[in-house]
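Reader: I am new to reading structures and would like a close look at a single part of this one. Please take the surroundings of the ligand and go through them step by step.

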Amino acid sequence: MSDTARSHGRKSIHASLKPRDLMSEDSDLVGVWKAQVITLLPEAFPGLLGQSLTGRALKDGLWQLEPIDLRRFGEGRHRNVDDTPAGGGAGMVLRADIMAAAIEDARARIARQAPLIYLSPRGRRFDQNMAKALAAGPGATLICGRFEGLDQRVIDAYDILEVSLGDFVLTGGEIAAQALIDASVRLIPRVLGNQASVEEESFSHGLLEHPQYTKPAVWNGRAIPEVLLSGHHAKITDWQRDQAERLTKTRRPDLWRAYLIEQGRDPDEDREL
Ligand SMILES: C[S@@+](CC[C@H](N)C(=O)[O-])C[C@H]1O[C@@H](n2cnc3c(N)ncnc32)[C@H](O)[C@@H]1O
């Protein structure tokens, strides 16, 4: 995954198109960041991704989305995609052969370097660094599990990267896929109107973000901290950094430690804030 700027495609997109019109195998935008989502619920896309800034960017062709209906690859009259777990137990498991057919189909339409990811509670925890790496690449093929999950053999055969949204269990991978896509797409140049907001927000410097305030200056007897109204930019920056450090230290000791190490400071001889 490289940091180089990418062209934003050859095909022109008209603002009148609805996000769903842009989600087809035929409307491939060469060189444009692409999310493929293999799912039993293709109608769940674009969902929230079709709204607000990500929706606008989708319409403008700054990224593209291709939901792939796993059911298309199912077997028999009922297009079965799952079967009972080997060894017994509750629920159903998505079949390796069916998923492999969907993967082969999907991978023919995406750059080879795009990672193949299975959203899974057993996976590596998704974070801002992963979002940055994904945004800098050509896109990703995402697999959404359902029921008890996916047959292990297909995960092994395709060396699929398992990625988790957090230590909880969702009903399916679709919400996790949308969260991963949202966090990645907003880092693609020009998707957010104001790129500075990405540079200042939580995790971008290894710290949680400082508190934010807006008008009115006093609300219910609570005033905005005076320094923020002083117009003194150096003092404001110092205050914001101090607040970010305090918040990170108290709320996220894990991030705080990593931040100190990154700064070449000894986390075991931490100064009092
Ligand atoms: C009910 S879950 C299966 C849970 C699985 N039996 C287990 O215990 O690990 C169904 C699907 O939801 C998705 N999923 C659930 N929790 C997730 C999480 N924390 N992060 C990402 N995907 C998740 C996965 O795609 C998973 O295959």
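Author: A residue counts as exposed if 12 or fewer other C-beta atoms lie within 10 Å of its own, and as buried if there are 20 or more. Keep in mind that this is a predicted model.

Phe168 has 7 other C-beta atoms within 10 Å, so this residue is exposed. Its place is the loop between β7 and α5. Asp167 lies in that loop too, between β7 (161–164) and α5 (174–185). Asp167 has 7 C-beta neighbours inside 10 Å and therefore also counts as exposed.

Both residues appear in a record. An unreviewed UniProt entry lists Gly145, Leu165, Gly166, Asp167, Phe168, Val169 and Leu170 under "binding site".

Now the ligand itself. There are 19 residues around the ligand, and those that come nearest are Leu119, Gly145, Leu170, Gly173 and Ala176. Gly145 and Leu170 are also among the positions in the UniProt entry. Sorted by class, the shell consists of 8 nonpolar, 8 polar and 3 charged residues. The element that gives the most to this shell is strand β5 (residues 116–125), with 4 residues.

For contrast with the exposed loop residues, take strand β1 (residues 34–39), where 6 of 6 residues are buried. On one side these are Lys34, Gln36 and Ile38, and on the other Ala35, Val37 and Thr39, so that both faces are covered. Strand β1 runs parallel to β2 (residues 64–69), joined by 6 bridges, and parallel to β6 (residues 139–144), joined by 5 bridges. Ala35 stands opposite Leu65 in β2 and opposite Ala140 in β6.

Definitions and conventions
Residues are numbered from 1 along each chain as its sequence is written. This is a predicted model: local features need pLDDT of at least 70, side-chain atom pairs count only at pLDDT 80 or more; totals for chains, interfaces and linings use all residues. A residue is near a molecule or strand if its C-beta atom, placed from the backbone, lies within 6 Å of it. Helices (H or I, at least four residues) and strands (E, at least two) are DSSP runs, numbered from the N terminus. Ala, Val, Leu, Ile, Met, Phe, Trp, Tyr, Cys and Pro count as nonpolar, Asp, Glu, Lys and Arg as charged, and the others, Gly among them, as polar. UniProt positions are given in the numbering used here, feature names are shortened, and annotations may be inferred rather than shown by experiment. Two strands pair if DSSP finds at least two bridges between them.
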